[in-house]
Amino acid sequence: GGIRQEVGMEDLDGGGGEVREMEAEVRALRQEVHKARFLYHRGKTKEAKQVFENQRETKTRETQEDLDAALMETVTTTTAATTEVQVMPGSVLDRIERAWCRLQELEVGGEALVRLKRQARRLRGEGYCVLGALERALVGDTKRAAECFVMAAESAEDNLEVLRESGAALRSFPTRCHIAARMHIRALDLDPKDDCSRRELACSLNDLGTFLKANGPGCVTEDCARACLEAVDSCLGGTKAATDAGAIRLDSSGGLKRDSIGVGKPAAGDSSPLYERVYHAALATSDSYAPVWYNLGVLAGERLEHQRAESCYRRCLELDPRHAECLCNLGALLRRNGDAEGAVSLFERSLSASPNHHMIRANLAAALCDLGARAKQEG
């Protein structure tokens with residue numbers, strides 16, 4: 001996720017002094033961002049914040065007054081127009097913004113300047129990603145953190161690591177899960193073979209489907225969800241993996257089948273709700289993501305499609321044997337079918353995974369009563 005390519009000195013085209021100076025500043029800022037990120041990922045959030053809020057002055061050839069003027073003229077028409085994020089004066093991110101503004105003013109520098117601007121843009125994205133993580137961890141300001149993560153993805157749209165990390169963070173804000181999905185779609189576009197991006201996208205789509213289901217028709221993210229489905233179709237549509245796994249659906253018995261219908265487009269006569277299509281898109285993206293199998297099992301159970309629900313639950317447990325809710329739901333299905341011994345076994349496993357879950361305890365007690373009643377009848 002870091003910036004690796006250095007600016008060459010052979011193509012400075014007359015602006016070498018300024019470009020070299022800015023290149024040194026970007027390199028120094030990159031080191032500080034990476035240091036703060038390193039500390040954050042090792043749980044040293046306070047130390048990371050201290051690094052990130054360093055008050056060191058920028059060392060460019062311009063005076064501080066010139067940079068202040070450039071900041072007022074440029075930042076207010078670019079970054080402030082898309083976000084309300086305010087950065088601490090003198091902090092690493094403040095210095096990145098100042099460097100970014102200065103680079104936009106430079107016109108002479110050739111390919112070296114173009115590369116440096118691209119590097120600074122990526123660094124800007126990394127900086128906002130770190131700031132968002134620190135705001136959420138230390139300050140608890142979720143609104144500001146979300147804005148930072150959005151800015152991170154906008155600034156680093158070709159940085160796979162920042163897209164994945166920002167999307168995963170935004171997923172924790174239910175009303176932003178469609179934005180998280182778009183970030184992970186973009187990440188998968190950059191590297192279609194990246195399993196981590198594929199799994200992150202499946203997770204974001206699963207959460208988006210759950211949000212849509214909970215909030216009902218007409219919720220604010222419906223149009224965004226449809227746009228996500230179109231993007232998923234486009235992202236997966238050109239690969240063999242999409243043909244093999246992208247159109248995964250469940251047949252009437254709960255088994256898997258594959259067809260040529262796009263994951264986000266309903267088949268002719270298909271009246272399935274939008275959230276169900278989003279769940280199927282998650283499954284198409286990664287059929288080894290256990291929570292989406294659980295949600296499809298819940299959906300089938302709500303429709304009294306018990307065989308299909310059982311198949312989904314069993315697939316979920318193959319992938320995540322300690323999924324407490326899935327163990328409990330499958331136990332309830334077995335008890336309904338008269339298999340009290342199997343139900344007790346599943347409830348006990350479920351209780352082991354989630355000891356304080358009152359519903360699991362109630363189900364286990366009921367299944368044990370069934371066993372007791374049967375034993376009494378049998379003498």
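Start the tour at helix α5, which passes helix α6 in a left-handed crossing. Keep in mind throughout that this is a predicted model.

**Stop 1: α5 and α6**

Select residues 92-105 for α5 and residues 110-139 for α6. The two helices pack at an angle of about 155°, and their axes lie 10 Å apart. Because an angle over 145 degrees counts as roughly antiparallel, α5 is described as roughly antiparallel to α6.

Now show side chains on both helices. On the α5 side, the contact is made by Leu93, Ile96, Glu97, Trp100, Leu103 and Gln104. On the α6 side, the residues are Leu113, Leu116, Lys117, Ala120, Arg121, Leu123, Arg124, Gly127, Tyr128 and Leu131. Colour them by class: the contact of α5 with α6 has 10 nonpolar, 2 polar and 4 charged residues.

**Stop 2: Arg95 and Ser91**

Stay with α5 and select Arg95, which is found in this helix. Is Arg95 buried or exposed? Arg95 is buried, with a relative accessible area of 1%. Add Val26 to the selection and draw a distance between the C-alpha atoms: the two residues are 9.3 Å apart in space, although 69 residues apart in sequence.

Next select Ser91, in the loop between α4 (79-82) and α5. Ser91 counts as buried, since its relative accessibility is 4% and the cut-off for buried is under 20%. Which residues does Ser91 touch, leaving aside its neighbours within four places in sequence? Select Phe52, Glu53 and Asn54, which are in contact with Ser91.

**Stop 3: α8 and α9**

Move on to helix α8 (residues 160-170) and helix α9 (residues 177-190). These pack at an angle of about 160°, with axes 8 Å apart. The two helices are therefore roughly antiparallel to each other. The crossing of α8 and α9 is left-handed.

For the contact, select these two groups:

- From α8: Leu160, Leu163, Arg164, Ser166, Gly167, Ala168 and Leu170.
- From α9: Cys177, Ile179, Ala180, Met183, His184, Arg186, Ala187 and Leu190.

By class, the contact of α8 with α9 has 10 nonpolar, 3 polar and 2 charged residues.

Then select Ser172, which sits in the loop between α8 and α9. Ser172 counts as partly exposed, at 43% relative accessibility. A C-alpha to C-alpha line from Ser172 to Ser204 spans 9.5 Å, and the pair is 32 residues apart in sequence.

**Stop 4: α10 and α14**

Select α10 (residues 195-215) and α14 (290-302). At what angle do the axes of α10 and α14 cross? They cross at roughly 30° and come within 10 Å. Angles under 35 degrees count as roughly parallel, so α10 is roughly parallel to α14. In this pair, α10 passes α14 in a left-handed crossing.

Show Asn206, Thr210 and Lys213 in α10, then Pro291, Val292, Asn295, Val298, Leu299 and Glu302 in α14, which they meet. The contact of α10 with α14 has 4 nonpolar, 3 polar and 2 charged residues.

**Stop 5: Leu304**

Follow the chain on from α14 to Leu304, in the loop between α14 and α15 (306-319). Check the backbone here: Leu304 has a positive phi of about 65°, although it is not a glycine. Leu304 is exposed, with a relative accessible area of 62%.

**Stop 6: Val232**

Select Val232 in helix α11 (residues 222-237). At 0% relative accessibility, Val232 counts as buried. Add Thr285: its C-alpha lies 8.1 Å from that of Val232, and the two residues are 53 apart in sequence.

**Last stop: the whole chain**

Clear the selection and show the chain as a cartoon, which has 18 helices and 2 strands. Colour by accessibility: buried residues make up 51% of the 379 residues. Switch to the surface, where the chain exposes about 17,900 Å² and carbon and sulfur atoms supply 50% of that area. How are the contacts spread along the sequence? Among contacts between residues at least 6 apart in sequence, 64% join residues at least 24 apart.

How values were computed
Residues are numbered from 1 along each chain as its sequence is written. This is a predicted model: local features need pLDDT of at least 70, side-chain atom pairs count only at pLDDT 80 or more; totals for chains, interfaces and linings use all residues. Side-chain values use heavy atoms; hydrogens and water are left out. Axes are lines fitted to C-alpha atoms, for helices over the stretch in contact, and angles run from 0 to 180 degrees between N-to-C directions. Helices (H or I, at least four residues) and strands (E, at least two) are DSSP runs, numbered from the N terminus. Angles under 35 degrees count as roughly parallel, over 145 as roughly antiparallel, 65 to 115 as roughly perpendicular and the rest as oblique. A crossing is left-handed if the near helix is turned anticlockwise from the far one by less than a right angle, and right-handed if clockwise. Contact means heavy atoms within 4.5 Å. Ala, Val, Leu, Ile, Met, Phe, Trp, Tyr, Cys and Pro count as nonpolar, Asp, Glu, Lys and Arg as charged, and the others, Gly among them, as polar. Buried means under 20% relative accessible area, exposed over 50%, partly exposed in between (1.4 Å probe, protein chains only). Accessible areas come from the Shrake-Rupley method with a 1.4 Å probe; for residues, only the protein chains shown count as cover.
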